[in-house]
Structure formats: C-alpha cells, structure tokens
Amino acid sequence: VNQEKFDALPTVQETKPEAYALFLQARHFSNLLTPDGWKQSNDLFRQALEIDPEYAVAHAGQGRNFINLTGYNLLPHEEGYQKAVESSERALELDPMNAMAHSSLGWIAMVRDGDLETAAHYLQRALELEPTNIAVIRNSGTLLSSLGRLNEAITVLEYVVERDPISPVGYVNLSQYYVLAGRQDEAISTAQTALSL
C-alpha cells in the first residue's frame, strides 16, 4: 500500500449509536433515488443531527439530498443549492476530509455556478480522499463531459457501471454520454438496462 495514499484516507467519525443507526437508515432511503426517499432520508439525517450536531457525515448526506431534490425540481434552485452548500460546508468545518462534502461542492460549482475550475479542485480533493467512491467518480465523469472530454467521461462511466452494476444512475448517465457521442445503439441498450433496474 502506498503509505502517502493510505494516510490520506479519511478516518471513521465516532458518534452515538443512535445517531449512527439513523445515518444508516437515511443512507438507505437516499440510495432509493426517489423524491420520497430523499425526503425521508433528510428527516432521518435531521434526527441524527439532533442527537449529534457535529456528525459530519450526516451534514454531508443532507447536502447530497438537497442537490438531488434541487436537480429534480423538487426544491427551488436557489433555495435547494443554498441548503446543499450550507450542509456541505458544515460537514467540511467538522471534517475537512469528508469526500462527499467536497464532491457535493464540486457538483454545485459545476452545475449551478458553471465554475469548472473550482469544481475540478473540489472533485480532485474528493478523489484523493476516497478514490473508490462511486458517487465521486461519477461526478468526475460529469465534469469531464462538461470540459468537452466526452470519450474520457464515457470511460469513467463505463468503469462506474462495471463497479456498481445494480445502480441505475450510472447507466442513465452513461446512456446520455453515448447519445452525445453518436453511439445510439449503445445508448438504447444502456438506457434499457437502467429501466430494468
């Protein structure tokens, strides 16, 4: 193991067992990728934060949920992204090595602000902290596409679906990139896989 990389890995944050149980439930509902799931997830994150207000992963989880709710037009854009920024920045105040908070701020810089340089900075840091985190890798693929590096984005998303073959999100994104690249048959096949999941 490369010691430098090993030392850069985040430590597990300790919390009260009740807060951790709520965090696990919140993560489950968030991963359902549905409006009701994100709302239930945020309620559970809120409960965890009532028990432990300094629980950085719960703040980061809320930030990610606010991004999803905003992206699906379930929250007004300015309000949703502001809540996402506040939650993610709070997570980083508590734990500067929280990869998901870095990734969320990168997404916001890219999608809301159109600031690809800042997005790259946040996503690079997230990848340094958690190089195998599928959500971080997927966001990095979106950045590559935004930078006009479509073939690299496709390679990254192909890796994502290989690593996480039962999650529809990676297939949806990959299908969109195939469309942009004029690879219609692959786009249709990949979209059908997403629908079947």
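Helices here are DSSP runs (H or I) of at least four residues, numbered from the N terminus. All the views below come from a predicted model.

**Figure 1. The whole chain is built from 11 helices and 0 strands.** Start at the N terminus and read along, and the elements go α-α-α-α-α-α-α-α-α-α-α. The radius of gyration is 17 Å, close to the 16 Å that the globule rule gives for 197 residues, so the protein is as compact as a globular protein of that length. Boxed along the principal axes, the C-alpha atoms take up roughly 50 × 40 × 30 Å. Of the 197 residues, 43% are buried. Looking just at contacts with a separation of 6 or more, 54% join residues 24 or more positions apart.

**Figure 2. A close-up of the largest pocket, with about 1,600 Å³ of space in it.** Its lining comes to 50 residues, and Asn31, Arg64, Met100, Ala135 and Arg138 are the ones nearest the centre. Sort that lining by class and you get 26 nonpolar, 18 polar and 6 charged residues. Which helices each supply at least two of the lining residues? They are α2 (17-30), α3 (35-51), α4 (56-71), α6 (99-111), α8 (134-146) and α10. The largest share, 8 residues, is put in by α4.

**Figure 3. Helix α4, the element with the largest share of the pocket lining.** This helix has 16 residues and covers 23 Å from first C-alpha to last, close to the 22 Å expected at 1.5 Å a residue. Is α4 mostly enclosed or mostly open? Since 13 of its 16 residues are buried, α4 is largely enclosed by the rest of the structure. Just past α4 comes asparagine 73, with a positive phi of about 60 degrees.

**Figure 4. Asparagine 173, a residue of helix α10 (residues 168-180).** Is asparagine 173 buried or exposed? It counts as buried because its relative accessibility is 16%, and the cut-off for buried is under 20%. Leaving aside residues up to four places away in sequence, asparagine 173 touches Arg138 and Leu157. You've met one of these partners already: Arg138 is among the lining residues nearest the centre of the largest pocket. The helix that holds asparagine 173, α10, is also one of those supplying at least two residues of that pocket's lining.

Technical notes:
Residues numbered from 1 in each chain as written. Predicted model: local features only at pLDDT ≥ 70, side-chain atom pairs only at ≥ 80, totals over all residues. Heavy atoms only, no water. Buried < 20%, exposed > 50% of the residue type's maximum accessible area, 1.4 Å probe, protein only. Contact = heavy atoms within 4.5 Å. 1 Å grid on protein atoms, 1.4 Å probe; cavity = no way out; pocket = protein on both sides within 12 Å on 5 of 7 lines; lining within 4 Å. Points joined across faces, edges and corners; volume = space filled by probe spheres on them. Nonpolar A, V, L, I, M, F, W, Y, C, P; charged D, E, K, R; others polar. Expected span 1.5 Å × (residues − 1). Rg over C-alpha atoms; globule rule 2.2 N^0.38 Å.
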